[in-house]
Amino acid sequence: MDYRTISLDETSARDLSEAGLRYALVDAADADALDGWIRADFRGFHDRQPSAEVLEGARENFAARRNTAVYDDAGPSREPVGTVNAWPAPLTVPGGARVDAWAISSVTVAPTHRRRGVARALLGGELRTAHALGLPLAILTVSESVIYGRWGFGPATWSTAWSVDTKRVRWIGGETPGRLSFAEADEYGEIGAKVLDRVMAGRHGEIGLEPYLAKRLIGPLKADPEADKVRLVRYDSDSGDPEGFVSYVLKGDDDFTRHTVEVRHLAAATPAAHRALWRFLLELDLVATVKIWTRGIDEPVQALVNDIRGARVTDLEDHLWVRVLDVPAAVQARTYERDGSVVLDVADDLGFASGRFRLTVRGGQAEVAPTDDAPDVTLPVNALGSVYLGHDIARNLALAGRIQGDVDALDRLFRTAVPPRLSTWF
Ligand SMILES: CC(C)(COP(=O)(O)OP(=O)(O)OC[C@H]1O[C@@H](n2cnc3c(N)ncnc32)[C@H](O)[C@@H]1OP(=O)(O)O)[C@@H](O)C(=O)NCCC(=O)NCCS
């Protein structure tokens, strides 16, 4: 089934119609309609007016998604007042399985039509669509952390940003065999996409990337204002296997010896690639600062340098938000590091995931079945989303009164030794 053309959710269509608005799928073959949708999306995120070249690139990129719009036909503008798109993205879960999750993006409502329930209709529509498609999870990355809890999403991975004073720190990360070389994004694109896929498959919390999302990490997209400044360095092992890359921009300073490197993306499929790429960044001449964003909470840079305080975390924030739609399917898709059994009582205002389930883990594999047994743990669906990928958060949610019962049993089962990570935005 082509998920791009499945019919629109009737509840949302009715709710929007009652508000005088029209809910519609955007036909990717209709360039005018898609351009209007893209302009509304850019405007919604306070981005610039897209040029013809940007629109052309964006049309190509968004054609693979299910793009939905809300129109105000009574008003003078033909452009959407609401946008959203979605597609099934393979989410890596603990144990390494890749589960199709409904990835939701481009949620915007025109400021002229804010707080009238348009986003509520759009989100409800996406969740009901994903549920009808049989997808166990919906996921998104967010502009603000106060929006999506009401629709049952919980923060499930955290990301870090770093600033490293490279005049202060010295490399103590050991030998770095392998080969580093500059690359052109066009030539490296296919290899880079394979490296990214290895990285994304190798850590729970990461998603398999559409060509557009991969391209954005490897090299600048068309009409990127910094396109001519982006440098790309690839890492290949001694035996010639492509295992990583870093793309970055250099920013000047009055003092020519003190440039700043802003890392656009660092992808390392192996520890050797991770070490070598960090060493490359830290030892660049004429550079005083390396800045990097959207790393995991276990980014190893402090272990690689002699002066831990020369590598500072400048930001720590929630990143991937997870919404469980089907408890048995979601919980059985991942593996567990300890065996045990727990009865979960899940509350879900939207009804998709509510119920009482016994989760029994043997040999790391879970079996889940509805039960009438007394619950060990009572929690709302967004708390289940927050613990689902293994992040260390159950005890804090219990401390704050958002999980009740035997939180240690829940924590022992769900937490993973390696924390989940998502190293990109979508
Ligand atoms: C966020 C956004 C999509 C909300 O759209 P909207 O149509 O105004 O939202 P709704 O009227 O449907 O609001 C639904 C509920 O969410 C709440 N809400 C919506 N946006 C919120 C925000 N930014 N902060 C806090 N609460 C918010 C509303 O108060 C309402 O709460 P209620 O159910 O308790 O009444 C819109 O403000 C927007 O486009 N923002 C800029 C782009 C952006 O940040 N998008 C999100 C990308 S991840």
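Student: Which side chains does the polar contact of 2.7 Å join?

Tutor: In this predicted model, the side chain of Asp345 and the side chain of Arg356 are joined by a polar contact of 2.7 Å.

Student: And where in the fold is Asp345?

Tutor: Asp345 belongs to strand 15, which covers residues 340-347.

Student: What is Asp345 in contact with, leaving aside its neighbours within four places in sequence?

Tutor: Once those neighbours are set aside, Asp345 has contacts with Gly355, Arg356, Pro375, Val377, Thr378 and Leu379. Two of these names can be placed in the elements around them, since Arg356 falls in strand 16 (355-362) and Thr378 falls in strand 18 (residues 377-380).

Student: OK, which sheet has strand 15 in it, and in what order do the strands come?

Tutor: Strand 15 is part of an open sheet of five strands, whose order is 17-16-15-18-19 and whose pairing is mixed. Strand 17 (365-370) and strand 19 (404-405) each have a single partner strand, so they stand at the edges and one side of each has no neighbour in the sheet.

Student: How do strand 18 and strand 19 pair, parallel or antiparallel?

Tutor: Strand 18 and strand 19 pair in the antiparallel sense, over two bridges, and at one place in that pairing Thr378 has Gln404 of strand 19 as its bridge partner.

Student: Which helices pack on that sheet?

Tutor: Helix 10 (residues 381-388) packs on the sheet and touches strand 15 and strand 18, with a direction that makes about 100° with that of strand 18. Helix 12 (residues 407-414) also packs on the sheet, where it touches strand 15, strand 16, strand 18 and strand 19, and its direction makes about 110° with that of strand 15.

Student: Changing topic: what domains is the chain divided into?

Tutor: The division gives domain 1 (10-135), domain 2 (160-318) and domain 3 (326-414). The centres of domain 2 and domain 3, taken over C-alpha atoms, are separated by 36 Å.

Student: What about the sheet of seven strands, what is its order?

Tutor: That open sheet runs in the order 8-9-10-11-12-7-13, again with mixed pairing. Its edge strands are strand 8 (179-182) and strand 13 (311-318), each of which pairs on one side only, and from one strand to the next the twist averages 20°.

Student: In which sense do strand 11 and strand 12 pair?

Tutor: Strand 11 (residues 259-268) and strand 12 (residues 287-295) pair in the parallel sense over four bridges, and within this pairing Val261 stands opposite Val290 in strand 12.

Student: Which strands do helix 5 and helix 6 lie on?

Tutor: Helix 5 (residues 185-201) lies across strand 9 (230-236), strand 10 (242-251) and strand 11, and runs at about 120° to strand 10. Helix 6 (residues 211-218) packs on the sheet and touches strand 9, strand 10 and strand 11, while its direction makes about 60° with that of strand 10.

Student: How do helix 5 and helix 6 cross, and which residues meet?

Tutor: Their axes come within 9 Å and cross at roughly 115°, in a crossing that is right-handed. Among the residues that meet there are Tyr188 and Leu196 in helix 5, and Leu217 and Ile218 in helix 6.

Student: Back at the start of the chain, at what angle do helix 1 and helix 4 cross?

Tutor: The axes of helix 1 (residues 10-18) and helix 4 (residues 118-132) cross at roughly 165° and come within 8 Å. An angle over 145 degrees counts as roughly antiparallel, which is why helix 1 is described as roughly antiparallel to helix 4. The crossing is left-handed, and the residues meeting there include Leu16 in helix 1 and Arg128 in helix 4.

Student: And how do helix 2 and helix 3 pack?

Tutor: Helix 2 (residues 31-44) and helix 3 (residues 52-62) pack at an angle of about 100°, and their axes are 10 Å apart. That angle makes helix 2 roughly perpendicular to helix 3. Residues making the contact include Trp37 and Phe42 of helix 2, together with Leu55 and Phe62 of helix 3.

How values were computed
Residues are numbered from 1 along each chain as its sequence is written. This is a predicted model: local features need pLDDT of at least 70, side-chain atom pairs count only at pLDDT 80 or more; totals for chains, interfaces and linings use all residues. Side-chain values use heavy atoms; hydrogens and water are left out. A polar contact is a pair of N or O atoms within 3.5 Å; within protein, one must be able to donate a hydrogen and the other to accept it, and residues adjacent in sequence count only if both atoms are side-chain atoms. Contact means heavy atoms within 4.5 Å. Domain bounds come from an automatic or database domain assignment. Two strands pair if DSSP finds at least two bridges between them. Axes are lines fitted to C-alpha atoms, for helices over the stretch in contact, and angles run from 0 to 180 degrees between N-to-C directions. Angles under 35 degrees count as roughly parallel, over 145 as roughly antiparallel, 65 to 115 as roughly perpendicular and the rest as oblique. A crossing is left-handed if the near helix is turned anticlockwise from the far one by less than a right angle, and right-handed if clockwise.
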